Amino acid sequence: PAPLFVANGVEVASSPTLFGDKNLRVSVMQDGRFLTMKGWGFAERAGELPRGRRVDIVFEVNHDPYAQARGWGTWSTTLKDVREAGSAALAYSARNV
């Protein structure tokens with residue numbers, strides 16, 4: 001499985017964009033740096049990601065041949081879990097991989 005990363009207190013930089021039936025794309029920022037990530041199966045959780053909210057996220061970095069073929073870069077980030085910053089523990093665990 002791909003390594004998982006945690007970023008606490010990131011700001012949702014843009015409202016999520018839905019694509020496909022169940023997916024979203026959202027940008028977050030921290031310390032002036034932006035990161036756009038895909039959220040496979042996260043469309044129903046888009047309400048948890050309003051622009052300006054501070055959240056804690058779990059994500060992974062993946063080689064992305066689809067994006068590479070379109071000139072967008074060779075890697076992408078995938079959102080695995082999200083919670084409001086500082087709230088209860090993230091539900092994501094290694095058994096969900």
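**A loop glycine and the salt bridges of the model**

G20 sits in the loop that runs between strand 2 (17–19) and strand 3 (23–30). The structure shown here is a predicted model. With a relative accessible area of 64%, G20 is exposed, because exposed stands for values over 50%. A second residue to look for from here is W40: G20 and W40 are 20 residues apart in sequence, and their C-alpha atoms are 9.4 Å apart in space.

The charged side chains come next. Side chains of opposite charge can pair when their charged atoms come close. Searching the whole structure gives six salt bridges. One of them is formed by D64 and K38, whose closest N and O atoms are 2.5 Å apart. This pair links distant parts of the chain, 26 residues apart: D64 is in the loop between strand 5 (54–63) and helix 1 (65–69), while K38 is in strand 4 (residues 33–39). Is D64 buried or exposed? D64 has a relative accessible area of 6% and is buried. K38, at 16%, is buried as well, because the cut-off for buried is under 20% relative accessible area.

Another salt bridge joins R45 and D81, with 3.3 Å between the closest N and O atoms. R45 lies in the loop between strand 4 and strand 5, and D81 lies in strand 6 (residues 75–84), so this salt bridge ties together parts of the chain that are 36 residues apart in sequence. The relative accessible area of R45 is 23%, which makes R45 partly exposed. D81, in contrast, counts as buried, with a relative accessibility of 6%.

Strand 6 also holds R83. The side chain of R83 meets that of D56 in a salt bridge, at 2.6 Å from N to O. D56 belongs to strand 5, so the pair of R83 and D56 ties together parts that are 27 residues apart in sequence. How accessible is D56? Its relative accessibility is 3%, so D56 counts as buried.

Some of these contacts have partners in common. R45, E48 and D81 are joined into one network by salt bridges that share partners. Within this network, R45 is partly exposed and D81 is buried.

Definitions and conventions: Residues numbered from 1 in each chain as written. Predicted model: local features only at pLDDT ≥ 70, side-chain atom pairs only at ≥ 80, totals over all residues. Heavy atoms only, no water. Helix = DSSP H or I, 4+ residues; strand = E, 2+ residues; numbered from the N terminus. Buried < 20%, exposed > 50% of the residue type's maximum accessible area, 1.4 Å probe, protein only. Salt bridge = Lys/Arg side-chain N within 4 Å of Asp/Glu carboxyl O.
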